[in-house]
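Please find below my notes for a colleague who is coming to this structure for the first time. They are best read with the sequence and the model side by side.

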Amino acid sequence: MNEIIDYFESLSAVKGAFLATLFTWGVTALGASLVFFFKAMNRKVFDAMLGFAGGVMVAASFWSLLAPGIEMSPGEGFVKVIPAAIGFALGAGFLFGLDKVLPHLHVNFKEEDKEGVRSPWHKSVLLTLAITLHNIPEGLAVGVLFGGVAAGFDGATIGGAVALAIGIGLQNFPEGFAVAMPLRRQGFSRWKSFNYGQLSAIVEPLAAVLGAYAVMTFQPILPYALAFAAGAMIFVVVEEVVPESQQGNHTDIATMGFIGGFILMMTLDVGLG
């Protein structure tokens, strides 16, 4: 692990963010590749993985984003938390707006439950767009952390950025599976189902590069940017991930998956960051 961190320290912030999110994209593709080996998904396992993804995202939002953002904010007392509060609200508002505008369909929901503006798009596209919404704040978060390191902010470390990328990669695995397998059940070929699954994470490297570049160019925005990513991720967890994991008859298993994901991400961030 030290060798990995040393390698990323030798890279520019933009290149490091890009490579880290190529990894998270690759794990999404790995999850989608299960469609080549299985004909159906075990609902109990899938709900556990969804819960795990939610736990990782909540832990990352605090340990990797909000806490460092507050730490590096100027001032004391209530003044110190203002950037985090503003950024968090803006991040949640941004995802709220996308959720209302972009046509999409959540995993485990029926086609008549699709959200966003009315669209004739096929269910395959709507499912892919739903997971893509998950991935925008994740890629942005990784890029912002790498940019913060390059800008020399206290509290932003390469170890923390690598830990965040690992955690996001782990929770991306079920997301790729979540798109590919339902499409396979609808009669899509294995290859087409896989392509839709991995395509949902293509936005992560793009968002990461944007986040790193923005922070390096406008350094004072870093505390706001970290909280923005956190607010967007928490919105996704509350609006999508948790409800999706509770749709079946395995709510306790999904909840324990959430706890496990939170513990793992907290351990990764504190241990490496």
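1. Which helix gives the most to the nonpolar patch? It is helix α4, residues 78-101, which contributes four residues. Please keep in mind throughout that this is a predicted model.

2. The patch itself lies on the surface and is formed by Val79, Ile82, Ile86, Leu90, Phe218, Ile221 and Tyr224, which together have about 620 Å² of accessible area. Of these residues, valine 79 is found in helix α4.

3. As for the general architecture, the protein has 10 helices and zero strands, and from the N terminus on its elements run α-α-α-α-α-α-α-α-α-α.

4. On overall dimensions, a compact globule with 273 residues would have a radius of gyration near 19 Å, and the 18 Å of the protein agrees with that. Along the principal axes, the C-alpha atoms fill a box of roughly 55 × 40 × 35 Å.

5. Buried residues make up 50% of the 273 residues, while the protein exposes about 11800 Å², of which carbon and sulfur atoms supply 68%. Among the contacts with a separation of 6 or more, 81% are between residues 24 or more positions apart.

6. The aromatic rings deserve a separate look, since the structure holds nine aromatic pairs. One of them is formed by phenylalanine 36 and phenylalanine 194, a tilted pair with 5.5 Å centre to centre and 45 degrees between the planes. This pair links distant parts of the chain, with phenylalanine 36 in the loop between α2 (13-32) and α3 (43-71) and phenylalanine 194 in helix α7 (residues 190-199), 158 residues apart. The two partners can also be described by their accessibility: phenylalanine 36 is partly exposed, at a relative accessible area of 33%, whereas phenylalanine 194 is buried, at 14%.

7. Why does the pair of phenylalanine 94 and phenylalanine 228 count as tilted? The ring centres are 5.6 Å apart and the planes stand at 40 degrees, so the pair is tilted. Because phenylalanine 94 lies in helix α4 and phenylalanine 228 in helix α9 (residues 222-245), the pair ties together parts that are 134 residues apart in sequence. Phenylalanine 94 counts as partly exposed at 36% relative accessibility, and phenylalanine 228 is likewise partly exposed, with a relative accessible area of 21%.

8. A last point on the rings concerns a cluster, in which Tyr7, Phe8 and Phe146 are linked by ring pairs.

Technical notes: Residues are numbered from 1 along each chain as its sequence is written. This is a predicted model: local features need pLDDT of at least 70, side-chain atom pairs count only at pLDDT 80 or more; totals for chains, interfaces and linings use all residues. Side-chain values use heavy atoms; hydrogens and water are left out. Patches are made of residues with over 30% relative accessible area and no salt bridge: like charges are joined within 9 Å, nonpolar side chains (Val, Leu, Ile, Met, Phe, Trp, Tyr) within 5 Å. Accessible areas come from the Shrake-Rupley method with a 1.4 Å probe; for residues, only the protein chains shown count as cover. A salt bridge is a side-chain nitrogen of Lys or Arg within 4 Å of a carboxyl oxygen of Asp or Glu. Helices (H or I, at least four residues) and strands (E, at least two) are DSSP runs, numbered from the N terminus. Rings of Phe, Tyr and Trp (its six-membered ring) pair if their centres lie within 6.5 Å; planes under 30 degrees apart count as stacked, over 60 as edge-to-face and the rest as tilted. Buried means under 20% relative accessible area, exposed over 50%, partly exposed in between (1.4 Å probe, protein chains only). The radius of gyration is taken over C-alpha atoms; the globule rule is 2.2 Å times the number of residues to the power 0.38. Contact means heavy atoms within 4.5 Å.
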